[in-house]
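Here's a quick briefing on a protein model and its ligand. Have a look at the fold before reading on.

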Amino acid sequence: MRYSGFKVIKEALTGHKGWKPAWRDPEPKAHYDVVVIGGGGHGLATAHYLAKVYGQRKVAVIEKGWIGGGNVGRNTTIIRSNYLLDGNEPFYEFSLKLWEGLEQDLNYNAMVSQRGIINLIHSDAQRDAFTRRGNAMILNGADAELLDAEQVRREYPYLNFNDARFPIKGGLAQRRGGTVRHDAVAWGYARSADSHGVDIIQNCEVTGFRVENGKCLGVETSKGFIGAGKVGCAVAGNSGRLMGMADMRLPIESHVLQAFVSEGLKPLLPGVITFGAGHFYVSQSDKGGLVFGGDLDGYNSYAQRGNLPVVEDVCEGGMALMPMIGRARLLRMWGGIMDMSMDGSPIIDQTHIDGLYFNGGWCYGGFKATPASGYCFAHLLAKDAPHPTATAYRFDRFRTGRMIDEKGMGNQPNLH
Ligand SMILES: Cc1cc2nc3c(=O)[nH]c(=O)nc-3n(C[C@H](O)[C@H](O)[C@H](O)COP(=O)(O)OP(=O)(O)OC[C@H]3O[C@@H](n4cnc5c(N)ncnc54)[C@H](O)[C@@H]3O)c2cc1C
């Protein structure tokens, strides 16, 4: 079923009786060519590209809960490609280009809104660093614009420019960045994958791998054994737990990250802004709520909820940047489990077990990566070779020391 304006009008006039479920609810088959574990953004995008671009028809996505119930439906919805390092910038720019055509590709309104993002600058050293980053972006075909304080003030006059501990001295803008309605991304990919024959199996938990003579033959699940030619794992915050079932210990830790939404306000923030002297990022949803977040809670956890010290810390960041936020009431908050890698960059690679592939380590920037991650993982699963934009995301970089440490923090996952 194709969605269109005409269809909406027709259904409105005929009592909305013609809508069909957006995807089927099939029972698992005995065997698939490819089984993707995890019905988050990355798993569903992988299935979509496997079927649509790489022509694989016998594909299943296995999800222990419901699709969109993980981080894909919990994030603060920011997309951008403003990275510095060679291993990252081409990949994230590829992702942003895929976002730009996503709604047409999926025939689904994911509310992709390129409202722009500005990373604020608070010191001369930070201006130097952001200038370098902007140049790296431009060299990789992305857009970047260095703003002085007056240019930022024209767009966001109510920010705390002068009377602040960390005065705003400018900003690095990426006008093509923005926000996307996060759960619609899961639904759009699911609907498209399903229409290409992918089985999306919800409420089915993978409980183990069947490995014989170094080859993965399929997965044990709460609905029984499912055979597979290849198994791709894309379970984000549960990566350590899942790969532990294959006796693998990953260079990844799981941490909680919280998100917050204020009561609805009149239009205030035209784009996304990030505080450069603390950790605080904010946008305004189409319903009017300020959607914001900050740091991880700082300890390993699988709990999908956070704690009060970080609420206070994030709100302090907001107050330092835009003091009038103190008058807004906090309406909702929640947590998600982040797969924090040792260098802050992801992994899309084969494992040492034949037929078992891994996608993870997205830290708290994996939403913007969803299309490229799915595309590159599908490429790897279909061709047994990395996609050209994801050649750096290999396991062996932790052995050879070729880290992609965007922040220069070293091997401390909670700081990336
Ligand atoms: C509060 C918060 C804010 C964020 N903000 C941003 C942002 O603004 N921009 C950005 O780019 N990124 C952001 N992120 C990060 C981003 O959301 C994640 O990196 C990304 O969504 C992870 O990939 P995913 O969508 O596939 O994960 P998920 O949606 O978590 O999907 C993984 C799925 O695997 C399933 N699963 C786990 N174990 C099993 C099993 N054994 N069997 C079967 N299924 C299993 C889970 O149920 C889950 O549905 C944020 C994350 C959080 C929590």
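Start with the ligand: 37 residues surround it, and E63, N71, V72, T76 and K368 come nearest (a residue is near a molecule if one of its heavy atoms lies within 4 Å of it). Bear in mind that this is a predicted model, where local features need pLDDT of at least 70, side-chain atom pairs count only at pLDDT 80 or more, and totals for chains, interfaces and linings use all residues. Residues are numbered from 1 along each chain as its sequence is written, and side-chain values use heavy atoms, with hydrogens and water left out.

**Ligand contacts**

- Polar contacts here are pairs of N or O atoms within 3.5 Å; within protein, one must be able to donate a hydrogen and the other to accept it, and residues adjacent in sequence count only if both atoms are side-chain atoms.
- A polar backbone atom of K64 sits 3.1 Å from a ligand nitrogen.
- For I78, a polar backbone atom is 3.0 Å from a nitrogen atom of the ligand.
- F367 also joins in, with a backbone N or O atom 3.0 Å from a nitrogen atom of the ligand.
- On its own the ligand has 1000 Å² of accessible area, and the protein covers 96% of that (Shrake-Rupley method, 1.4 Å probe; for residues, only the protein chains shown count as cover).

**Who builds the shell**

- Helix 2 (41-52), strand 12 (252-264) and strand 16 (330-341) each put at least two residues into the shell around the ligand; helices (H or I, at least four residues) and strands (E, at least two) are DSSP runs, numbered from the N terminus.
- Strand 12 gives the largest share, three residues.
- By type, the shell splits into 17 nonpolar, 15 polar and five charged residues; Ala, Val, Leu, Ile, Met, Phe, Trp, Tyr, Cys and Pro count as nonpolar, Asp, Glu, Lys and Arg as charged, and the others, Gly among them, as polar.
- The ligand lies between domain 1 (28-81 + 83-108 + 182-251 + 343-415) and domain 2 (117-178 + 253-341), because both give residues to its shell; the bounds come from an automatic or database domain assignment.

**The annotated span**

- An unreviewed UniProt entry carries the annotation "domain: Rhodanese" over residues 34-78; UniProt positions are in the numbering used here, feature names are shortened, and annotations may be inferred rather than shown by experiment.
- That span, residues 34-78, is 27% helix and 20% strand, and its end C-alpha atoms lie 30 Å apart.

**Buried spots**

- D297 belongs to strand 15 (residues 289-300) and is buried at a relative accessible area of 11% (buried means under 20%, exposed over 50%, partly exposed in between; 1.4 Å probe, protein chains only).
- G365 sits in the loop between strand 18 (356-360) and helix 9 (370-383), and at 12% relative accessibility G365 is buried too.
- The C-alpha atoms of G365 and M338 are 9.2 Å apart, with the two residues 27 apart along the chain.
- N160, in the loop between helix 5 (149-155) and strand 6 (170-174), is buried at 15%, and a polar atom of the N160 side chain lies 3.5 Å from the backbone oxygen of D163.

**Positive phi without glycine**

- A236 isn't a glycine, yet has a positive phi of about 50°; A236 is in the loop between strand 11 (224-233) and helix 7 (239-244) and is partly exposed at 26%.
- D384 has a positive phi near 60°, lies in the loop between helix 9 and helix 10 (397-400), and is partly exposed at 38%.
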